[in-house]
Amino acid sequence: MPRPDRPRVHREVVSYVRRSARMNASQEKAWTTLADDLVIRVPARELSTSVHPDAHVDWAATFGREAPLFVEIGSGRGEALVALAEQHPEANVVAFEVFQPAVASTLSRINRHGVTNVRVVLANGVEGLEHLFAPVTVAELWTFFPDPWHKPRHHKRRLVSPEFAELVASRLVPGGQWRLATDWADYAEAMREVLDVAPGLVNVHGGWAPRWAERPLTKYEQRGLDAGREVHDLTYRRPDADADVPTVPDLLHREPRPGASGEVPL
């Protein structure tokens with residue numbers, strides 16, 4: 001059911017800043033001059049980067065037009081975000097990032113490139129996707145190089161989980177796509193283990209996706225390549241109709257598939 005009409009979020013300054021975050025002079029200038037126009041402020045809960053369950057944004061009013069919604073979670077300094085927004089002027093692009101200096105750098109990049117179809121939310125992207133987007137409204141979701149949380153005891157903090165996959169599937173429009181990339185082999189495998197069996201999502205390529213040609217090579221990705229790590233891309237789609245949803249595969253009897261290293265597990 002559509003959400004009832006609610007008043008637009010008030011845009012007075014609200015503190016979303018991590019107390020330990022410090023911006024340099026250039027970032028301070030970008031934040032001061034550009035944040036009022038490009039940063040969407042929403043009510044928080046206890047943490048400054050949380051999103052209150054009652055928060056709401058009228059995206060069409062915010063952008064001044066009705067257009068497909070593209071969302072990036074973890075936009076960093078905006079290298080991929082701005083490049084992709086330039087290539088998709090037909091879309092309204094919303095980015096989530098929790099580190100204020102990175103957002104300030106993103107604002108500066110948006111301004112330098114003259115991009116007008118991007119807004120940034122300084123908040124947790126999972127909570128933002130849940131509370132700020134109604135079901136069946138997101139045309140594209142991008143999660144490029146999410147934090148791998150290397151230590152086994154921290155794996156529960158990884159972004160890609162069955163619960164998040166369920167949320168994503170509910171927010172995507174029929175035919176909508178979720179594009180992911182990571183340069184950590186174990187996380188790539190973990191993504192496949194979760195998403196290949198996630199209800200409401202289909203692996204577009206039946207395995208690893210070819211590198212998305214539109215995604216720019218960022219400094220972060222280049223560092224991973226320079227360190228000898230291979231980048232793995234994945235693309236999942238919400239089926240166009242319920243009949244297009246495949247049966248969940250038999251995990252006990254399926255053929256083993258090659259891992260990120262190319263080896264077939266015993």
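## Helix α3 against α4

In which hand of crossing, left-handed or right-handed, does α3 pass α4? The crossing of α3 over α4 is right-handed. Keep in mind that this is a predicted model.

Helix α3 covers residues 79-87 and helix α4 covers residues 100-113, and their axes come within 9 Å while crossing at roughly 30°. Angles under 35 degrees count as roughly parallel, so α3 runs roughly parallel to α4. On the α3 side the touching residues are E79, L81, V82 and E86, and on the α4 side they are T106, R109, I110 and H113. Sorted by class, this α3 and α4 contact comes out as three nonpolar, two polar and three charged residues.

## Helix α1 against α4

Helix α4 also packs with α1 (residues 25-38), this time at an angle of about 75° with the axes 8 Å apart. Since 65 to 115 degrees counts as roughly perpendicular, that is the label for α1 and α4.

From α1, the contact takes in Q27, A30, W31, L34, A35 and L38. Their partners in α4 are Q100, P101, V103, A104, S105, L107, S108, I110 and N111. The class split here is 10 nonpolar and five polar, with no charged residues. I110 turns up in the α4 list for α1, and I110 is also among the α4 residues that meet α3.

## Helix α5 against α6

Next up is α5 (125-132), which pairs with helix α6 (residues 162-171). Their axes come within 10 Å and cross at roughly 40°, so α5 and α6 are oblique to each other. The crossing of α5 past α6 is left-handed.

V126, L129 and E130 are what α5 brings to the contact, and α6 answers with F164, L167, V168 and R171. That gives five nonpolar and two charged residues, and no polar ones.

## The largest pocket

How much space lies in the largest pocket? About 1,200 Å³. Its lining counts 39 residues, and G74, S75, E97, V98 and D147 are the closest to the pocket's centre. By class, the lining residues split into 16 nonpolar, 11 polar and 12 charged.

Which elements each supply at least two residues of that lining? Some are helices already met above: α3, α4 and α5. The others are β1 (69-73), β4 (138-144) and α8 (219-226). So, to tie the threads together: α3 and α4, the roughly parallel pair, both contribute to the lining of the largest pocket.

Notes. Residues are numbered from 1 along each chain as its sequence is written. This is a predicted model: local features need pLDDT of at least 70, side-chain atom pairs count only at pLDDT 80 or more; totals for chains, interfaces and linings use all residues. Side-chain values use heavy atoms; hydrogens and water are left out. Axes are lines fitted to C-alpha atoms, for helices over the stretch in contact, and angles run from 0 to 180 degrees between N-to-C directions. Helices (H or I, at least four residues) and strands (E, at least two) are DSSP runs, numbered from the N terminus. Angles under 35 degrees count as roughly parallel, over 145 as roughly antiparallel, 65 to 115 as roughly perpendicular and the rest as oblique. A crossing is left-handed if the near helix is turned anticlockwise from the far one by less than a right angle, and right-handed if clockwise. Contact means heavy atoms within 4.5 Å. Ala, Val, Leu, Ile, Met, Phe, Trp, Tyr, Cys and Pro count as nonpolar, Asp, Glu, Lys and Arg as charged, and the others, Gly among them, as polar. On a 1 Å grid over the protein atoms alone, a cavity is a set of points where a 1.4 Å probe fits but cannot get out, and a pocket is an open set with protein on both sides within 12 Å along at least five of seven lines; lining residues have an atom within 4 Å of a point. Grid points are joined across faces, edges and corners, and a volume is the space filled by probe spheres set on the points.
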